[in-house]
Amino acid sequence: MNLRLFSLRRAAPLALAVVLGGCWESTTPLMPASVQDPSPIRGKYASVPSDPAKPASWYRADVQGKSVKLYSRLSKDGEPENWSFDRTMTFDAIAKDVYLVQSVPRDEKTINYLLMRVRDKGRELVVVTPSCNEAQARAYGATLRSNNCVFGKYDTVAKAARRAYATVEGGDAASVSYATDTYTQAK
């Protein structure tokens with residue numbers, strides 16, 4: 001995972017692997033059903049490793065109601081086999097084609113929150129996980145724990161997501177950094 005400055009407006013397609021870890025988190029799922037939007041993604045996604053010698057990571061997004069069951073598989077060549085359940089994702093639209101995503105891993109221990117911009121009808125995704133430091137935790141109304149913003153209420157994480165998105169889109173990307181990986185929808 002790379003840590004670098006990132007503009008949602010000007011970025012190349014980036015992605016799903018960030019859901020495997022996160023800098024915004026909670027100990028229980030916070031997103032209420034009343035704010036959940038239908039899933040903007042479905043189907044298979046493959047990584048585009050920066051090192052061609054590394055194997056691609058594969059993800060399959062199966063829509064179930066308003067959530068997605070995400071399955072993963074690591075494969076060196078061709079179509080992956082033996083999918084294993086990885087996590088459940090739910091979506092709250094915070095701007096046009098931009099979602100706050102709640103990502104609940106199969107062990108349900110640490111729930112992650114990230115931003116996702118959906119492009120080309122779900123064929124391209126930009127998934128970013130905002131970083132967290134002491135000043136950001138204070139500004140977002142979160143608790144800082146091991147460089148992670150830990151949220152206790154959904155309203156607080158949603159407000160932080162809108163604020164981070166507005167900061168980057170407003171041209172102040174230097175004050176917000178993100179972890180990113182590249183993924184595209186596979187046929």
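# Notebook: strand E7 and its surroundings

I started at the hairpin of E6 and E7, which has 2 residues between the strands. Aspartate 97 takes a positive phi there, near 65°. I note at once that this is a predicted model.

**Entry 1: the partners of E7**

I looked up the strand on one side. Strand E6 covers residues 84–95, and 8 bridges join E6 to E7. The two strands run antiparallel. I picked one facing position: alanine 93 stands opposite tyrosine 99.

Then I turned to strand E8, residues 111–119. E7 and E8 pair in the antiparallel sense over 6 bridges. Which residue of E8 is the bridge partner of tyrosine 99? I found methionine 116. So tyrosine 99 gave me a partner in E7's neighbour E6, alanine 93, and one in E8, methionine 116.

I also checked the hairpin of E7 and E8. This hairpin has 5 residues between the strands. Glutamate 108 takes a positive phi near 55° here.

**Entry 2: is E7 buried or exposed?**

I went through residues 98–105 of E7, and 8 of the 8 are buried. The strand is therefore largely enclosed by the rest of the structure. I reminded myself that in a regular strand the side chains alternate between the two faces of the sheet. I then listed each side of E7. Val98, Leu100, Gln102 and Val104 are on one side. Tyr99, Val101, Ser103 and Pro105 are on the other. Both faces are covered.

**Entry 3: valine 104**

I chose one residue of E7 for a closer look: valine 104. Its relative accessible area is 10%. The cut-off for buried is under 20%, so valine 104 counts as buried. What does valine 104 touch, leaving out residues up to four places away in sequence? I found Pro29, Arg87, Thr88 and Ile111. Proline 29 is 75 residues from valine 104 along the chain. The C-alpha atoms of the two are separated by 7.1 Å.

**Entry 4: strand E5**

I moved to strand E5, residues 67–75, where serine 72 lies. Serine 72 is buried, with a relative accessible area of 17%. I looked up what serine 72 touches beyond four places in sequence. The list is Trp58, Tyr59, Asn82, Trp83, Ser84 and Asp86.

Next I checked lysine 66, in the loop between strand E4 (56–64) and E5. Lysine 66 counts as partly exposed, at 40% relative accessibility. Lysine 66 touches Gln36, Asp37, Pro38, Ser39 and Phe91, not counting residues up to four places away. I also took the C-alpha separation of lysine 66 and proline 40, which is 9.3 Å. These two are 26 residues apart along the chain.

**Entry 5: aromatic rings**

How many aromatic pairs does a search of the whole structure find? I got 4. I looked at tryptophan 24 and phenylalanine 151. Their ring centres are 5.5 Å apart and their planes stand at 65°, so the pair is edge-to-face. Tryptophan 24 lies in strand E2 (residues 24–26), and phenylalanine 151 in the loop between strand E11 (148–150) and helix H2 (154–169). The pair therefore ties together parts that are 127 residues apart in sequence. Both tryptophan 24 and phenylalanine 151 are buried.

I then checked tyrosine 71 and phenylalanine 85, which form an edge-to-face pair. I read 5.7 Å centre to centre and 70° between the planes. Tyrosine 71 is in strand E5 and phenylalanine 85 in strand E6, 14 residues apart. Tyrosine 71 is buried, at 19% relative accessible area. Phenylalanine 85 counts as partly exposed, at 26%. Arginine 60 lies over the face of tyrosine 71, at 4.5 Å from the ring centre.

I noted one aromatic cluster too, formed by Trp24, Tyr140 and Phe151.

**Entry 6: the whole chain**

I stepped back and counted 2 helices and 13 strands. Of the 187 residues, 50% are buried. The chain exposes about 9200 Å², and carbon and sulfur atoms supply 48% of it. Among contacts between residues at least 6 apart in sequence, 58% join residues at least 24 apart.

Last, I checked confidence. The chain averages a pLDDT of 78, and 73% of the residues score at least 70. Over residues 1–22, pLDDT stays under 50. Where pLDDT is low, the predicted coordinates should not be read in detail.

Definitions and conventions. Residues numbered from 1 in each chain as written. Predicted model: local features only at pLDDT ≥ 70, side-chain atom pairs only at ≥ 80, totals over all residues. Heavy atoms only, no water. Buried < 20%, exposed > 50% of the residue type's maximum accessible area, 1.4 Å probe, protein only. Helix = DSSP H or I, 4+ residues; strand = E, 2+ residues; numbered from the N terminus. Pairing = 2+ DSSP bridges. pLDDT = per-residue confidence, 0-100. Contact = heavy atoms within 4.5 Å. Areas by Shrake-Rupley, 256 points an atom, 1.4 Å probe, with all protein chains shown as cover. Phe/Tyr/Trp six-rings, centres within 6.5 Å; stacked < 30°, edge-to-face > 60°. Lys NZ or Arg CZ within 6 Å of the ring centre and 35° of its normal.
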